Amino acid sequence: MGVTVENLPAEVNTKDAARILDVAETTLPIWRSTGRYNLDYYKAGRKVRYRVKNLIHFKIQRTFSHTGQQG
């Protein structure tokens, strides 16, 4: 069975969020502390969670068909 939108979890930890975005796990804490990208997350105690729908939206926003489109 493959991964489908229907069987994705609603929220993931930093490791899984990095895997979804195809970035190093250490990248997301840097983005959080510097505010480099507007990528929403929430904290529950020490745990950081990302909503999968926000990660997908982030990827869609950063999808371009040619380099002239990049902002």
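Reader: Where is the place of L8?

Author: L8 lies in the segment before β1 (11-12). Helices (H or I, at least four residues) and strands (E, at least two) are DSSP runs, numbered from the N terminus. This is a predicted model, in which local features need pLDDT of at least 70, side-chain atom pairs count only at pLDDT 80 or more, and totals for chains, interfaces and linings use all residues. Residues are numbered from 1 along each chain as its sequence is written, and side-chain values use heavy atoms, with hydrogens and water left out.

Reader: Why does L8 count as partly exposed?

Author: Buried means under 20% relative accessible area, exposed over 50%, and partly exposed in between (1.4 Å probe, protein chains only). L8 has 30% relative accessibility, so it counts as partly exposed.

Reader: What makes Y37 and F58 an aromatic pair, and why is it called edge-to-face?

Author: Rings of Phe, Tyr and Trp (its six-membered ring) pair if their centres lie within 6.5 Å; planes under 30 degrees apart count as stacked, over 60 as edge-to-face and the rest as tilted. By this rule there are four aromatic pairs. For Y37 and F58, the centres are 5.6 Å apart and the planes meet at 80°, so the pair is edge-to-face.

Reader: Which parts of the chain does this pair link?

Author: Distant ones: Y37 is in the loop between α2 (27-34) and β2 (42-44), and F58 is in helix α3 (residues 52-61), 21 residues apart. The C-alpha atoms of F58 and N38 are separated by 8.5 Å, at 20 residues apart along the chain.

Reader: How do you know whether F58 is buried or exposed?

Author: Its relative accessible area is 8%, so F58 is buried. Y37 has 22%, so Y37 is partly exposed. W31, Y37 and F58 form one aromatic cluster.

Reader: Why is the pair of Y41 and Y50 called tilted?

Author: The planes are 50° apart, with 6.1 Å centre to centre. That angle is neither stacked nor edge-to-face, so the pair is tilted. Y50 is buried at 0% relative accessible area, whereas Y41 is partly exposed at 37%.

Reader: What makes the charged end of R32 sit over the ring of Y41?

Author: The rule asks for NZ of Lys or CZ of Arg within 6 Å of the ring centre and within 35 degrees of the ring normal. The charged end of R32 is 5.5 Å from the centre of the Y41 ring, and sits over it.
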